[in-house]
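Subject: Structure handover

Hello,

Here is the structure we spoke about. Please look through it first, and then read the notes below alongside it.

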Amino acid sequence: MQLSVIILNYNVRYFLEQCLRSVQKALQGIDGEIIVVDNNSADDSCAMVRENFPGVTLIENNYNAGFPKGNNIGVQAAKGKYICILNPDTVIAEDTFAKVMEFAGQQQTPGITGIKMIDGGGHFLPESKRGVPTPWVAFTKIAGLGKMFSQSQFFNKYYACHLKKNNSGKVDILAGAFMFMERDLYLSVGGFDEGCFMYSDDIDLSYTVLKEGRDNYYFSGSSIIHYKGESTVRDGEYMSRFRQAMQFFYKKHFRSSPFFDVFMKSGALFFALVKKNKKVPGIVPDEYLLFSADEMLKEKLEEISQKKVIRLGEYRQNMLFSHKEAGSPKIEVVFDSALLDYCDIIAIMEQHANDGYTFKIKPGGCNYIIGSNNSNDRGEVILL
């Protein structure tokens, strides 16, 4: 078997279903399997998988085992030469696995391969590629200096700014939302460290692979959606967990240093002073633009939303134009995946990320519309 896709789920039933449908499409033509490990979800995630995806291997934990152990359980059950650790709040393009597998196979000493990720608004997620979080690099991250000086290699090493988002190449650290690697390599380094703090598990595994003499790669030749949402709300608890994660990583791989804690505490104070944790206001659309061949879907969305819905039965290049002028109605674009491939949907979202639209997807065969407006948005599911 070529590829095992491991998806760790916890209480995101609708995002998981959309993810599984996209993964099934991306595995066409590949000898692969899908393994869902559920960490004792209280929703009907497991029932949905059993009913809608009988070919998926479902492992049901009777407690929340956490991210590292949950994924380790999935990899132990995997049969593929390669594995892909994948978040349930992702959407995969039809060409993603084939392209990543080809790219990784061309490298001399492949470690982990990551992917270009965008959020639910089509914006590039900088954590798609990262550098080793030394004390200075971690300080610039927690203090927000990397965001202020995003093009500076001095202040923005955390997000590996030496490599542009549309260029593939070597990086140090990759995101746990998408990690592609040989199963034997994963097992040989011990997989995810089950003693890791939250936010350090993917950093730890990436760096451990580097220490084995392998090279980690960021691949820009395909894009996926990673909604993120609730897991990345920038509040005081997030900053505390991030600081603990960096302390864990630094003590494990380097050495204990009083300067490290000073750096991190200073960064947290600076973070508070610039009020980086302000909430992002929600966006309520004034009307919808629906790309679908289904007239009944248009009527249903109008009934539920009580808003104007314009349906277009095809998509042509440049149908969407900039819509950011003051006073313009807020338009939400809804893509029916029965009309457009995920590859096309993702490309359109990237192209129009800064044109004033919000985006949602109607997964084929599902009775809901789903998405989020940015990486801090907890996401929305509209049941039809």
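A disulfide is counted here when two cysteine sulfur atoms lie within 2.5 Å of each other. This is a predicted model, and a search of the whole structure finds 0 disulfides in it. Take Cys-19 as an example: its sulfur is 9.3 Å from the closest cysteine sulfur, which belongs to Cys-84, and that is too far for a bond. Cys-84 is likewise in no disulfide, with the sulfur of Cys-19 as its nearest cysteine sulfur. Cys-19 counts as buried, at 0% relative accessibility. Cys-84 is buried too, with a relative accessible area of 0%.

The chain overall

The chain has 384 residues, and buried residues make up 54% of them. Its secondary structure comes to 12 helices and 15 strands. Among contacts with a separation of 6 or more, 75% are between residues 24 or more positions apart. The chain exposes about 16,800 Å², and carbon and sulfur atoms supply 50% of that area.

Strand β4 and its partners

Cys-84 is one of the residues on one side of β4, together with Tyr-82 and Leu-86. Ile-83 and Ile-85 are on the other side, and both faces of the strand are covered. The strand spans residues 82-86, and 5 of its 5 residues are buried.

Which strands pair with β4? One is β1 (residues 3-9), which runs parallel to β4 and is joined to it by 5 bridges. Another is β8 (residues 178-182), which pairs with β4 in the antiparallel sense over 5 bridges. Leu-86 takes part in both pairings: Ile-7 has Leu-86 as its bridge partner in β4, and Phe-178 in β8 stands opposite Leu-86.

The nonpolar cores

In soluble globular proteins, nonpolar side chains tend to be buried together. The largest nonpolar core in this model holds 35 residues. The members that touch the most others are Leu-3, Ile-7, Leu-20, Val-23, Phe-97, Phe-178 and Phe-180. A second, separate core has 25 residues, including Ala-93, Val-333, Ile-345 and Ile-370.

What does Val-23 contact, leaving aside its neighbours within four places in sequence? The list is Val-5, Ile-7, Ile-34, Leu-86, Ile-92 and Phe-97.

Two helices

Helix α2 covers residues 45-52, and its residues Ser-45, Cys-46, Met-48 and Val-49 are buried. Seen down the axis of α2, the buried residues fall within an arc of 160 degrees, so they line one face of the helix. An α-helix has 3.6 residues a turn, so residues three or four places apart point the same way. The cover over the buried residues of α2 includes β1, α1 (13-26), β2 (32-38) and β3 (57-60).

Gly-74 is found in helix α3, which spans residues 66-77. Is Gly-74 buried or exposed? Its relative accessible area is 0%, so Gly-74 is buried. Beyond its neighbours within four places in sequence, Gly-74 is in contact with Ile-6, Ile-35 and Val-37. Its C-alpha atom is separated by 8.0 Å from that of Leu-8, although the two residues are 66 residues apart along the chain.

Three loop residues

Ser-292 is in the loop between β10 (287-291) and α11 (295-305). Ser-292 is buried, with a relative accessible area of 0%. Not counting residues up to four places away in sequence, Ser-292 touches Leu-297, Arg-311, Leu-312, Gly-313, Asp-336 and Leu-339.

The other two loop residues are listed for their backbone angles. Most residues other than glycine have a negative phi. Asn-40, in the loop between β2 and α2, has a positive phi, near 65 degrees. Asn-40 is partly exposed, with a relative accessible area of 39%. Gln-306, in the loop between α11 and β11 (308-312), also has a positive phi, near 55 degrees. Gln-306 is exposed, with a relative accessible area of 64%.

Regards

Methods
Residues are numbered from 1 along each chain as its sequence is written. This is a predicted model: local features need pLDDT of at least 70, side-chain atom pairs count only at pLDDT 80 or more; totals for chains, interfaces and linings use all residues. Side-chain values use heavy atoms; hydrogens and water are left out. Buried means under 20% relative accessible area, exposed over 50%, partly exposed in between (1.4 Å probe, protein chains only). Helices (H or I, at least four residues) and strands (E, at least two) are DSSP runs, numbered from the N terminus. Two strands pair if DSSP finds at least two bridges between them. The arc is that of the directions from the helix axis to the C-beta atoms. Contact means heavy atoms within 4.5 Å. Accessible areas come from the Shrake-Rupley method with a 1.4 Å probe; for residues, only the protein chains shown count as cover. A nonpolar core is a set of buried Ala, Val, Leu, Ile, Met, Phe, Trp, Tyr and Cys residues joined through side-chain atoms within 4.5 Å.
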